[in-house]
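Welcome, and please take a look at the model below. The report that follows walks through a pocket, a ring pair and a surface patch.

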Amino acid sequence: ENCHPNAKKRCPRKSHHHHHHRRRRLLLLLESALHSALRYVRTSVLTKPNAQVSLSLLAWYVSYMIMGVVGGTVAYMHFPRTDLPYPNALPDYGYDVVPYWCPEIPHAPHGNVQSCVLLGLYGMVLGGVIL
């Protein structure tokens with residue numbers, strides 16, 4: 001049909017143009033929001049300190065897993081072989097050494113200074129990561 005402005009009949013394509021314009025505005029708004037989000041990620045998330053913290057956490061996790069696997073393997077290999085359902089207890093040399101050569105701290109868990117030192121080191125590491 002003819003969509004002349006002076007025509008008496010209503011233009012059937014007018015609502016189509018209106019929907020097209022509304023859809024175009026929505027797309028422009030979404031594109032603007034996407035650009036803003038990407039700019040935020042580039043400037044605030046993908047920063048050198050965040051990358052360093054991420055790499056540090058990855059290195060810690062990998063080393064922790066390696067220590068767990070190697071430590072478990074070494075402990076397993078030290079157990080004497082037996083046909084019993086439960087293995088014999090291993091001698092605990094650390095228990096013999098620590099009470100005599102380690103000063104005791106009053107009001108500390110087990111009074112063990114090594115536990116307190118390790119707890120302090122873990123606290124400093126976690127504090128450094130968080131702050």
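## The largest pocket

In this predicted model, the largest pocket has a volume of about 200 Å³. Its lining consists of Val53, Ser56, Leu57, Trp60, Tyr64, Tyr122, Val125, Leu126 and Val129.

Which helices supply at least two residues each to that lining? They are H2 and helix H4, the latter spanning 113-130. The largest share, 5 residues, comes from H2.

## A stacked pair of rings

Two names from the pocket lining, Trp60 and Tyr64, deserve a closer look. The structure holds 1 aromatic pair, and Trp60 and Tyr64 are the residues that form it. Their rings lie 5.1 Å apart, centre to centre, with 25° between the planes. The pair counts as stacked because planes under 30 degrees apart fall into that class.

How many residues apart are Trp60 and Tyr64 in helix H2? They are 4 residues apart, so about one helical turn separates them.

Are these two residues buried, partly exposed or exposed? Trp60 has a relative accessibility of 47%, so it counts as partly exposed. Tyr64, at 42%, is therefore partly exposed as well. Both assignments follow because the partly exposed class runs between 20% and 50% relative accessible area.

## A nonpolar patch on the surface

Trp60 and Tyr64 also turn up in a nonpolar surface patch of about 1100 Å². The other contributors are Leu55, Leu58, Tyr61, Val62, Met65, Ile66, Met67, Val70 and Val74.

Val74 is a handy example from this patch. Its place is in helix H2, which covers residues 48-78. With 41% relative accessibility, Val74 counts as partly exposed. Why can Val74 belong to a patch without being classed as exposed? Patch residues need over 30% relative accessible area, whereas the exposed class needs over 50%, so the 41% of Val74 meets the patch cut-off while leaving Val74 partly exposed.

## The chain as a whole

Stepping back to the fold, the protein chain has 4 helices and 0 strands. Read along the sequence, the pattern is α-α-α-α.

What percentage of the 131 residues in the protein chain is buried? Buried residues account for 3%. The accessible surface of the chain comes to about 12500 Å², and carbon and sulfur atoms hold 67% of that area.

Terms used:
Residues numbered from 1 in each chain as written. Predicted model: local features only at pLDDT ≥ 70, side-chain atom pairs only at ≥ 80, totals over all residues. Heavy atoms only, no water. Patch = residues over 30% accessible without salt bridge, like charges linked within 9 Å, V, L, I, M, F, W, Y side chains within 5 Å. Areas by Shrake-Rupley, 256 points an atom, 1.4 Å probe, with all protein chains shown as cover. Salt bridge = Lys/Arg side-chain N within 4 Å of Asp/Glu carboxyl O. Buried < 20%, exposed > 50% of the residue type's maximum accessible area, 1.4 Å probe, protein only. Phe/Tyr/Trp six-rings, centres within 6.5 Å; stacked < 30°, edge-to-face > 60°. 1 Å grid on protein atoms, 1.4 Å probe; cavity = no way out; pocket = protein on both sides within 12 Å on 5 of 7 lines; lining within 4 Å. Points joined across faces, edges and corners; volume = space filled by probe spheres on them.
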